[in-house]
Amino acid sequence: MKTSIATVSVSGSFAEKLAAIAAAGFDGIEIFEQDFLASDHSPAEVGRMVRDHGLEITLFQPFRDFEGLPEPFRSRAFARAARKFDLMNQLGTDLILVCSSVHPAAMGGIDRMAADFNALGDLARAHGVRVGFEALCWGRHVNDHRDAWEVVRRADHPQVGLILDSFHTLGRRIDPETIRRIPGDRIFFVQLADAPAIEMDLLYWSRHFRNMPGEGDLDVTGFLRAVMATGYAGPLSLEIFNDQFRAGLPRLVALDGHRSLINLMDRVRRAEPALMPDLPAFPPPATVEGVEFIEFATSEAEAPGLESLLAATGFARCGRHVSKPVALWRQGGVNVLVNTATEGFAHTSFVAHGTTVSELALRVPDARATAERARALLVAGLDQPVPAGQMAIPAIRGAGGSLIRLVDDPRLWDVDFRAESAPEGAGLIGVDHVGQTMPYDEMLSWSLFYTALFEAERAPMVDVADPDGLVRSQAIRAGGLRVTLNGAEARRTLAGRFIEDSLGSAVQHIAFASADIFATAAALAERGFPVLQIGANYYHDVEARFGLDPGLVARMKAANVLYDEGGSGQFFQLYGASRPDGFFLEIVQRQGGYQGYGAPNAPFRIAAQKRAARPAGMPRV
């Protein structure tokens with residue numbers, strides 16, 4: 001099945017758009033008329049440019065305000081159409097999108113509109129082109145694909161068909177199952193877009209907030225299942241209007257788009273196997289069983305500071321890699337690696353970001369299968385030579401150029417390491433979640449990455465108030481992996497300063513799980529763990545807000561522990577002070593099925609971190 005994307009979905013000049021779309025692996029493009037008009041190339045030149053990139057022009061769009069018009073508007077509309085058909089002949093494309101009219105003079109009437117399209121079909125046939133009619137969800141008389149189909153059906157012309165757009169159907173909450181009643185050969189083209197669930201004017205929502213399938217809240221999978229059930233076999237195309245994408249890097253946006261289409265078609269065939277879209281076979285989304293290890297890239301000069309923090313957190317150095325300068329630190333079920341290599345991937349990560357989390361290893365049932373799915377979804381891998389006698393662990397690129405290792409063999413610690421059992425630590429029993437901080441315009445990309453690759457769910461996006469701006473946060477849960485994506489736009493926020501200091505996206509904090517946070521707090525105090533100091537005002541409020549026992553609040557205040565509730569569950573948090581680079585640790589305890597991350601406490605944590613931070617502009621030493 002051919003894949004396509006509208007040029008309006010990608011930023012840059014027309015030439016830059018073409019290069020990005022071709023590099024991402026699309027088969028074709030929809031030429032948005034404004035992109036063509038803004039270029040200084042002739043129609044024939046544009047057609048050659050597209051074909052030289054190995055692409056085809058799947059659609060020319062949009063042609064507006066055509067049907068149901070009185071004279072003299074009707075004659076002018078046909079004259080405009082004839083000129084557009086000539087232009088299409090020069091471009092080398094045979095399909096134009098006619099969107100339902102919003103013209104104030106449009107009269108409506110199914111038969112009147114059908115007659116217009118029948119006449120337009122005759123004109124199109126004379127030019128060797130086809131016409132597709134699309135219902136805009138804010139159209140004056142036609143704003144439902146069922147009405148658009150009735151117009152096409154009554155027009156009864158072989159050159160006239162229906163164009164479907166997931167946003168226009170789902171945005172109006174029209175049941176996509178109604179599409180199954182439409183003959184597939186009368187559907188000329190299908191456009192796909194997702195969007196967050198926001199109550200607002202449909203036109204404004206469409207023009208600014210569309211995103212890639214799988215990045216929003218619309219049932220695009222259900223929509224495409226209905227389309228495929230009709231027997232439709234034409235292109236699947238992305239039409240994305242999004243301010244963020246218009247400012248993004250063309251190649252990254254295009255790559256995300258193609259990945260979203262592959263993932264969408266895969267979801268369709270797994271939900272309804274009889275449909276069988278034209279897509280190569282590859283493994284299903286993986287279940288993450290847990291975090292196997294976290295690896296820091298650092299230097300010999302900076303390693304002592306990092307290892308001092310690990311020791312204060314209850315970790316003990318209990319092993320070393322058989323051939324690399326990688327130390328193993330352990331506590332409970334947590335493995336942390338400290339890599340001081342002066343060459344290779346870890347060293348490159350350190351040079352780019354400073355001391356940073358360079359690798360996150362995940363336990364999966366079948367590492368090779370997960371890596372194969374990643375390749376099918378256009379996720380870059382990393383192939384490194386493996387010394388004889390050591391294990392080859394598949395690796396894929398993650399946020400900020402970091403690596404995600406895929407582990408399914410428990411012999412790792414016996415083969416690649418000389419390891420010992422860890423002594424009793426401070427009561428940490430696992431990795432609860434990992435916080436990745438990134439520019440806001442990367443958030444949707446990495447949300448799609450996790451949900452396409454793994455069997456994962458997205459929590460609703462929340463706004464976190466920093467005194468110097470908003471940070472948007474979204475949690476992803478994939479079995480034993482929890483990731484919080486924190487997107488910053490304002491440079492003065494803590495998240496923004498971290499991105500600036502680390503030169504890009506990176507892990508800013510790691511949360512470890514404890515079964516008894518107060519016992520852990522006492523053990524950490526004995527080890528000199530640098531605890532983030534929380535102001536007394538917080539504890540006066542939390543006692544009243546939740547009706548907590550004063551004795552419990554006194555213990556929380558003494559240990560700088562924060563508290564939240566959700567459903568019937570409770571959540572305790574203890575933060576470590578931030579390192580000079582902005583990285584910090586967190587200890588949490590979940591009770592009663594609590595599934596959140598203590599979001600109401602974030603402003604108080606940020607305020608405390610800002611009080612303790614170096615002044616903005618002061619260099620790190």
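This passage walks through a strand barrel, one of its enclosed strands and a helix elsewhere in the chain, all as seen in a predicted model.

We can begin with the barrel. In the predicted model, 8 strands close into a barrel, following the order E1-E2-E3-E4-E5-E6-E7-E8 with parallel pairing. From one strand to the next, the twist averages 30°. The ring is joined where strand E1 (residues 3-6) meets strand E8 (residues 236-238), a parallel pairing over 3 bridges. At this seam, Ile5 stands opposite Leu238 in E8. Helices pack against these strands as well. Helix H6 (residues 145-155) touches strand E5 (130-134) and strand E6 (160-165), and its direction makes about 170° with that of E6. Helix H11 (residues 250-271) lies across E1, strand E7 (187-192) and E8, and runs at about 140° to E8.

Strand E4 (residues 95-99) deserves a look of its own. Here 5 of the 5 residues are buried, so the strand is largely enclosed by the rest of the structure. In a regular strand, side chains alternate between the two faces of the sheet. Both faces of E4 are covered, with Leu95, Leu97 and Cys99 buried on one side and Ile96 and Val98 buried on the other. Strand E3 (residues 56-63) runs parallel to E4 and is joined to it by 2 bridges, and Phe63 stands opposite Val98 in E4. To get from E3 to E4, the chain passes through helix H4 (residues 73-91) in a right-handed β-α-β crossover. E4 and E5 are also parallel, with 5 bridges between them. Val98 appears again in this pairing, standing opposite Phe133 in E5. The path from E4 to E5 leads through helix H5 (residues 110-127), and this β-α-β crossover is right-handed too.

Further along the chain comes helix H13 (residues 344-353), whose buried residues are Phe345, Ala346, Ser349, Phe350 and His353. Why do these residues line one face of the helix? Seen down the axis of H13, they fall within an arc of 135°, so they share one face. The face turned away from this buried side carries the exposed residues Thr348 and Val351. Several elements help to cover the buried residues of H13, including strand E9 (290-297), strand E12 (334-339), strand E13 (356-363) and helix H17 (494-502). Strands E14 (395-397) and E15 (403-407) are also part of that cover. Just after the helix, Gly354 takes a positive phi of about 80°.

Conventions. Residues numbered from 1 in each chain as written. Predicted model: local features only at pLDDT ≥ 70, side-chain atom pairs only at ≥ 80, totals over all residues. Heavy atoms only, no water. Pairing = 2+ DSSP bridges. Helix = DSSP H or I, 4+ residues; strand = E, 2+ residues; numbered from the N terminus. Axes fitted to C-alpha atoms, helices over the stretch in contact; angles between N-to-C directions. Contact = heavy atoms within 4.5 Å. Buried < 20%, exposed > 50% of the residue type's maximum accessible area, 1.4 Å probe, protein only. Arc of directions from axis to C-beta. Right-handed = clockwise from strand over helix to strand, strands pointing away.
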